[in-house]
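Student: I've just been handed a structure that is new to me. Could you walk me through how to read it?

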Amino acid sequence: MTDLAVRIAYRGDGFSGSQIQPGLRTVEGTLLSSLVRVTELDPEDIGLRLASRTDKGVNATGNVASFESGGMEPDQLLKALNSIYDGVLCTAYTHVDDSFLPRHADMRTYEYVMKSAGMDLGLAEDCLAVFRGKHDFSGFCKSEGKDTVIDLVRADARVEDDVLVLTFEADHFLWNMIRRITSTVMRVASGRIPLSRAEEGMAGGWSNFGLAPAEGLTLTDVFYEGLEFIPSPDPALRVRRADGLYRAHLDGRFYKSL
């Protein structure tokens, strides 16, 4: 049985992707191990499922996992899981039933962050416009035999401090799709190729523009119509957030002083 859906967050550099792989440390395997320890259920009875697959190195602040909670109160369950903390944080929850399938989301949002130095924001926006809307993305993905026509409802760029942030939204994405599009944007925005090359690639169903590094990509949200997630009241989450921001501030001050 499935009775709980939980928002999870993790840094991708600590995992060999999200899906369970024998002998490798993965997000799904790590979370399942923690659930077995906390609920005392057998792995097959937990029925763990993730909303989105993320590759090695890709981060998430809003992926979703569903599973059987073993009758534990959600607040206590999330607190116990976060106390174990082995790289996966549980930040919010909602009650669901057996009909809930996390992969059937209404919308997914990703952000890609890169250095803004040498990047032209206007050219980045023009390049993203090539991909925005409903297209066949067969030349910009690994299709795995899936339908390659996707409605990319949002693809835009903004500058924040010293970085360029690209935001993508669609109900689903194909394998490597965002990283291939992003690599194309990088080449256009830096002046290495003209915008026409991206337009020709999209129209012709081909791409030889490379694959952007995984560490810049973060799954920020998985949205379900009519489903509201309740933030975990676990004070340890606030402490961990404050500690992380403090360390990031120290790193920033150090590197800015060089």
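Tutor: We'll go through a few features in turn, starting with the core. Keep in mind that this is a predicted model.

Student: Okay, the core. Which residues touch the most other members of the largest nonpolar core?

Tutor: The general idea is to look for buried nonpolar residues joined through their side chains. Here the largest nonpolar core has 69 residues, and I8 and I181 touch the most other members. Helix α5, residues 177-189, gives the most to this core, with seven residues.

Student: What does I181 touch, leaving out residues up to four places away in sequence?

Tutor: On that count, I181 touches L128, F131, F137, F140, L152 and F168.

Student: Now helices. How do I read which side of a helix is which?

Tutor: An α-helix has 3.6 residues a turn, so residues three or four places apart point the same way. Try that on helix α3, residues 74-84, where P74, L77, L78, L81 and N82 are buried. Seen down the axis of α3, these buried residues fall within an arc of 125°, so they line one face of the helix.

Student: And what do the buried residues of α3 pack against?

Tutor: Their partners are two helices and three strands, listed here by name: β1 (4-10), α1 (27-39), β3 (59-67), β4 (89-95) and α7.

Student: Let's try charges. How do I read a salt bridge?

Tutor: Side chains of opposite charge can pair when their charged atoms come close. In this model the count comes to nine salt bridges. One of them joins the side chains of R7 and D221, at 3.2 Å from N to O. The pair links distant parts of the chain: R7 sits in strand β1 and D221 in strand β10 (residues 217-223), 214 residues apart.

Student: Are R7 and D221 buried or exposed?

Tutor: R7 has a relative accessible area of 15%, so it counts as buried. D221, at 26%, is partly exposed. The cut-off for buried is under 20%, and exposed means over 50%.

Student: Which residue does E111 form a salt bridge with?

Tutor: R158 is the partner of E111, and their closest N and O atoms are 3.2 Å apart. This pair also links distant parts of the chain, with E111 in strand β5 and R158 in strand β8, 47 residues apart. E111 is partly exposed at 23% relative accessible area, and R158 is partly exposed at 28%.

Student: What about the salt bridge between E169 and R154?

Tutor: Their side chains meet at 3.5 Å, N to O. E169 lies in strand β9 and R154 in strand β8, so the pair ties together parts that are 15 residues apart in sequence. R154 is partly exposed, at 30% relative accessibility. Salt bridges can also join up into a network, and here R53, E144 and K146 are linked that way.

Student: Which residues other than glycine have a positive phi?

Tutor: Phi is a backbone angle to check residue by residue, and I can show you two cases. E40 has a phi near 65°, and D161 has a phi near 55°. E40 is found in the loop between α1 and α2 (43-46), while D161 is in the loop between β8 (154-160) and β9 (163-170). At 71% relative accessibility E40 counts as exposed, and D161 counts as exposed at 77%.

Student: What does S116 touch, again leaving out residues up to four places away in sequence?

Tutor: D161 comes up again here: S116 touches D161, D162, V163 and L164. S116 itself lies in the loop between β5 (107-115) and α4 (121-131). At 19% relative accessibility, S116 counts as buried, because the cut-off is under 20%. The C-alpha atoms of S116 and R132 are separated by 21 Å, and these residues are 16 apart along the chain.

Student: Last one: which residues make the nonpolar surface patch?

Tutor: For a patch like this, look for nonpolar side chains that are on the surface. F254, Y255 and L258 make one of about 400 Å². L258 lies in the segment after α7 (235-256), and at 72% relative accessibility L258 counts as exposed.

Key. Residues are numbered from 1 along each chain as its sequence is written. This is a predicted model: local features need pLDDT of at least 70, side-chain atom pairs count only at pLDDT 80 or more; totals for chains, interfaces and linings use all residues. Side-chain values use heavy atoms; hydrogens and water are left out. A nonpolar core is a set of buried Ala, Val, Leu, Ile, Met, Phe, Trp, Tyr and Cys residues joined through side-chain atoms within 4.5 Å. Buried means under 20% relative accessible area, exposed over 50%, partly exposed in between (1.4 Å probe, protein chains only). Helices (H or I, at least four residues) and strands (E, at least two) are DSSP runs, numbered from the N terminus. Contact means heavy atoms within 4.5 Å. Patches are made of residues with over 30% relative accessible area and no salt bridge: like charges are joined within 9 Å, nonpolar side chains (Val, Leu, Ile, Met, Phe, Trp, Tyr) within 5 Å. Accessible areas come from the Shrake-Rupley method with a 1.4 Å probe; for residues, only the protein chains shown count as cover. A salt bridge is a side-chain nitrogen of Lys or Arg within 4 Å of a carboxyl oxygen of Asp or Glu. The arc is that of the directions from the helix axis to the C-beta atoms.
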